[in-house]
Each structure stands twice: as structure tokens, then as C-alpha cells.
Amino acid sequence: MELLQLHYFLTVARLEHMTEAARSLHVTQSSLSKTIQRLEEDLGVPLFDRTGRKLRLNEFGTRFLRRAEKALYELEQGRQELRDLSSPEHGTLELAVTTASPLPQLLRGFRKKRPHIQFHVQMMNEMSLISLLHKGEVDFCLSSPPIQEEGIACQVVYIDPIFVAVPKGHPLARRSNVSLAELRNESFVGVQKGYGARNFVDALCQSVGFSPHYVYEGDEPARLAALVEAEIGIAFIPGTAKNARESIHYLQIDNHTLVREIALLWNTSRYMSQAALEFREFVIDYFASLSDERP
């Protein structure tokens with residue numbers, strides 16, 4: 001059994017289509033078919049049920065896939081460990097986030113400490129983030145809400161207050177507080193369903209008898225402030241996303257504790273480089289300092 005066979009098998013198992021898999025791997029379809037056939041001959045069982053060029057993992061293939069993913073994952077961890085040992089001052093940290101508002105200051109601060117460390121950041125919903133964590137494809141995740149999963153460490157690092165953001169010309173802009181019930185007839189801009197913050201505020205509004213009317217639903221939380229400023233609608237915006245330079249007024253919510261928990265997550269079985277260890281400590285200290293600064 002060869003590593004190339006395992007890599008090819010994982011791609012075919014993911015796409016379940018020989019032509020698409022060959023295109024993804026930049027090999028000919030005949031070469032890919034022969035490689036998969038040799039793997040099945042080595043194992044002594046078929047891994048796919050075949051209907052023309054369409055493939056579907058059978059029970060043998062499903063069981064073998066789990067083992068193959070683990071084997072390649074361990075080899076990649078070994079590669080990363082050696083890379084870290086040979087060049088500890090360089091490297092790339094892989095991050096996934098459901099909340100991006102704290103990132104600019106957070107990453108800027110760490111880059112001052114470790115200027116040669118690069119970052120690759122992905123913004124996604126909770127389900128996609130969990131999948132990446134379990135596969136060991138990211139070093140850390142910043143998630144709101146926290147996620148409890150076997151094999152995943154979850155440390156709440158910050159309690160982030162949530163405000164109602166209105167444009168400076170809005171009637172509510174003359175006030176410092178507002179009740180949720182007063183927002184019943186407002187138009188909102190927000191993120192799509194599936195994001196923790198959206199689910200949380202929707203449930204809270206429903207608890208006082210209304211569902212927010214959204215005129216914009218997107219997957220870029222950072223865009224909400226610009227939409228509020230343009231008077232498209234009002235929004236629930238966390239404290240870490242506030243910007244004093246915007247033409248926006250922020251109100252506190254009466255009689256409700258409106259906060260979100262931000263958690264740092266990592267796969268406990270993934271190899272953690274020295275840079276990753278330092279980044280984890282930096283994140284915890286960074287959010288602790290934010291908590292100390294809050295009145």
C-alpha cells in the first residue's frame with residue numbers, strides 16, 4: 001500500500017465521482033482508476049459501489065476511510081513537528097472563526113511578538129468549524145458560542161457585551177438604553193441563520209413576543225456596521241466590533257443581560273508547535289486585558 005493510493009482514495013471518497021476526482025488531482029482518469037483498483041486488490045475487497053462513472057462508498061470503503069484519514073493525519077502531524085523543529089521562528093498558524101471582530105487587534109498584537117509567523121484564517125459557521133477541528137486541519141478556532149465536543153478543548157476567554165447599533169439620525173440615537181419590546185417594528189441587518197450570535201438574539205427577541213424583521217442577511221458580520229451607518233437597518237453588534245469613528249450610536253438593552261461568550265478551541269490530539277503554544281497564551285492574556293479595561 002502506497003501513500004499515493006491513500007491520497008487518491010480520500011479524494012475519490014470525498015467526490016464520489018472518478019472524472020471529478022481525476023480533474024481535482026490533475027491526473028488522467030485511467031491512471032486514477034488503476035490506482036484505486038490496485039488499492040482494492042491489495043485490501044482484497046471493493047471500496048466503492050459503481051454505477052458507470054459514479055461511485056459510492058460501501059461499508060468496506062466507509063470503514064477504511066476513517067483509518068486512512070487517521071493515518072494521513074498522523075503523518076501530516078509528523079511533518080509539521082519536524083518543520084517546527086527545523087524552523088521554529090517561521091511557519092503558519094491555521095485559524096477558523098465564527099466571529100472575526102476581535103481578529104485585527106489580536107493578530108496585530110501577536111505579529112509584533114512573532115513577526116515571521118503567518119496566519120491563514122477562515123470564516124465559517126459552527127458545523128463547518130467543528131468538522132475542521134475534528135479533522136485536525138486548523139490549530140485554533142475562535143467561536144461564539146462555545147462548542148462542547150469530545151476531543152476538543154474549549155476555553156471561554158471573553159464575555160462580550162452586545163449592543164443595539166442605530167445610525168446617528170435614528171430617533172433612538174438620543175438615548176442610552178432601550179427595551180427589546182421597543183424594537184418590534186424596526187428593520188434589522190444581521191448575519192444568516194446558523195451563526196451563534198444570530199440564533200441567540202432571535203431567541204431573545206422571540207422571548208418578548210416578536211421575531212426581528214431582517215432586510216439584510218449575510219455571512220460577513222464586519223459589514224453590518226456599514227449597513228447601519230447607511231441607514232439600511234439597525235443591528236445587534238458586540239462590543240469587540242464597536243468603532244468610535246463610525247456614525248453609529250450604541251444602546252444598552254434594558255432588563256436583559258445581552259452578552260456572548262467567545263471561546264478558544266483546539267483539537268487535543270493535534271500536534272501543537274511552539275508558535276501555537278505562544279499564540280494560545282497570547283489570546284488568553286489579550287482577552288483578559290480587555291476584561292480588565294471594561295468599566
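Here are three short exercises on the predicted model shown above, each with a worked solution.

**Exercise 1: the overall build**

Find how many helices and strands the chain has, and what its C-alpha trace spans along the principal axes.

*Solution.* Start with the secondary structure: the chain contains 9 helices and 12 strands. Next, turn to the dimensions, where the C-alpha trace spans about 75 × 45 × 30 Å along its principal axes. Finally, look at how the sequence is brought together: of the contacts between residues at least 6 apart in sequence, 75% join residues at least 24 apart.

**Exercise 2: burial, surface and charge**

Work out what share of the residues is buried and what share of the accessible surface belongs to carbon and sulfur atoms.

*Solution.* Take burial to begin with: 44% of the chain's 295 residues count as buried. Then consider the accessible surface, which comes to about 15900 Å², with 49% of that belonging to carbon and sulfur atoms. To finish, add the charges: there are 33 positive and 37 negative ones, and their mean positions lie 3 Å apart.

**Exercise 3: the cysteines**

Explain why Cys141 is in no disulfide with Cys154.

*Solution.* Begin with the search of the whole structure, which finds 0 disulfides. Now check the distance: the cysteine sulfur closest to that of Cys141 belongs to Cys154 and is 10 Å away, so the two are too far apart for a bond. For comparison, a disulfide needs sulfur atoms within 2.5 Å. Lastly, place each residue: Cys141 is buried, because its relative accessibility is 1%, while Cys154, at 24%, counts as partly exposed.

Methods. Residues are numbered from 1 along each chain as its sequence is written. This is a predicted model: local features need pLDDT of at least 70, side-chain atom pairs count only at pLDDT 80 or more; totals for chains, interfaces and linings use all residues. Side-chain values use heavy atoms; hydrogens and water are left out. Helices (H or I, at least four residues) and strands (E, at least two) are DSSP runs, numbered from the N terminus. Buried means under 20% relative accessible area, exposed over 50%, partly exposed in between (1.4 Å probe, protein chains only). Contact means heavy atoms within 4.5 Å. Accessible areas come from the Shrake-Rupley method with a 1.4 Å probe; for residues, only the protein chains shown count as cover. Lys and Arg count as positive and Asp and Glu as negative; His and the chain ends are not counted. The place of a charge is taken as NZ of Lys, CZ of Arg, CG of Asp or CD of Glu.
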